[in-house]
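Please open the model in your viewer and keep the sequence panel visible. The stops below say what to select and what is there.

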Amino acid sequence: MGTSTTQAPPRDVIDLLCQQHGQIRDLFARVEGGTGDERRDAFRELVRLLAVHETAEEEIVHPVARQRLDGGDGIADDRLEEERSAKELLAELDGMDTEDPQFLPKLDRLRIEVLTHARAEERYEFERLRGQFGQKELTTLMKAVQAAEATAPTRPHPGVETAGKNLAVGPLAALMDRVRDLVRQIKG
């Protein structure tokens, strides 16, 4: 996705999602440290990664946690609420010029929300999933997450945080988002 760090291929779903959390942290730093086209391009990459990452978690990871973990309903509900809040702020930022004076303060709020959310996932959901599943199941879940990411929308869609809503709205939203992405690339 354009981040500069080289990583070993993920061995399972937890590795994949944690690596993406690292990429997200790196992209926040690139956006905050960049200016002009560099900031805009890094922000577009961040929006895309967050959108596909969260969609895959909503379609695959949270439903599995809900079904298989003690207290899974509460864990999934908490993560979905965090994701909804972050999507709303991300959608607002996505409509702004990255040089707008309000952009960086709002981006900082988003960064705090997203990184707090990622830590909660890693601590309360991912580690418990690792303890609940064997390596083969975690590898299968990784493949399911990668498939979901391949067809996920590339823009935030607040209010679409459940697997059912993602599956109902996601394909059309993904198509529209990907066309919009192509138009943005052509325009520069």
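In which helix is the place of E125? E125 is in helix α4. Before going there, some ground rules.

This is a predicted model, in which local features need pLDDT of at least 70, side-chain atom pairs count only at pLDDT 80 or more, and totals for chains, interfaces and linings use all residues. Residues are numbered from 1 along each chain as its sequence is written, and side-chain values use heavy atoms, with hydrogens and water left out.

**The whole chain**

Show the full chain as a cartoon. The chain has 6 helices and 0 strands, and its pattern along the sequence is α-α-α-α-α-α. Helices (H or I, at least four residues) and strands (E, at least two) are DSSP runs, numbered from the N terminus.

Of the 188 residues, 46% count as buried. Buried means under 20% relative accessible area, exposed means over 50%, and partly exposed lies in between (1.4 Å probe, protein chains only). About 9400 Å² of the chain is exposed, and carbon and sulfur atoms supply 55% of that area. Accessible areas come from the Shrake-Rupley method with a 1.4 Å probe; for residues, only the protein chains shown count as cover.

Among the contacts in the chain with a separation of 6 or more, 76% are between residues 24 or more positions apart. Contact means heavy atoms within 4.5 Å.

**Helix α1**

Select residues 13–33, which form α1. Helix α1 has 21 residues and reaches 30 Å from its first C-alpha to its last, close to the 30 Å expected at 1.5 Å a residue. The expected span is 1.5 Å times one less than the number of residues. Colour the buried residues of α1, among them V13, L17, I24, F28 and V31. The buried residues of this helix pack against α2 (36–68), α4 and α5 (135–150).

**Helix α4 and E125**

Now select residues 103–132. This is α4, with 30 residues and a reach of 41 Å from first C-alpha to last, close to the 44 Å expected. Look along the helix to E122, where α4 bends by about 35 degrees. The bend at a residue is the angle between axes fitted to the seven residues ending there and the seven starting there.

Next, show the side chain of E125. What is the nearest side chain of opposite charge to E125, and how many Å away is it? It is R79, 5.5 Å away, and E125 is buried yet has no salt bridge. A salt bridge is a side-chain nitrogen of Lys or Arg within 4 Å of a carboxyl oxygen of Asp or Glu. For charge, Lys and Arg count as positive and Asp and Glu as negative, while His and the chain ends are not counted. Setting aside residues up to four places away in sequence, E125 touches V61, H62, A65, L69, I75, R79 and A120.

**E82, facing α4**

Select E82 in helix α3. E82 counts as partly exposed because its relative accessibility is 24%. Beyond its neighbours within four places in sequence, E82 is in contact with H117 and A120. Measure from the C-alpha of E82 to that of T116: the two are 34 residues apart along the chain and separated by 9.0 Å.

**Salt bridges**

The structure holds 18 salt bridges. Three of them can be visited here.

- Select D12 and R130, whose side chains meet in a salt bridge (2.7 Å, N to O). The pair links distant parts of the chain, with D12 in the segment before α1 and R130 in helix α4, 118 residues apart. D12 counts as buried at 0% relative accessibility, and R130 as partly exposed at 23%. Add R11 and D15 to see a network of salt bridges that links R11, D12, D15 and R130.
- Select R84 and E88, which form a salt bridge at 2.5 Å, N to O. Both lie in helix α3 (residues 72–94), 4 residues apart, about one turn of the helix. R84 is partly exposed at 24%, and E88 is partly exposed at 40%.
- Select R40 and D41, whose side chains meet at 2.9 Å, N to O. R40 is partly exposed at 22%, as is D41 at 38%.

**The loop between α3 and α4**

Keep R40 shown and select T98, in the loop between α3 and α4. Is T98 buried or exposed? T98 is buried, because its relative accessible area is 7%. Leaving out residues up to four places away in sequence, T98 touches G36, R39, R40, F43 and F103.
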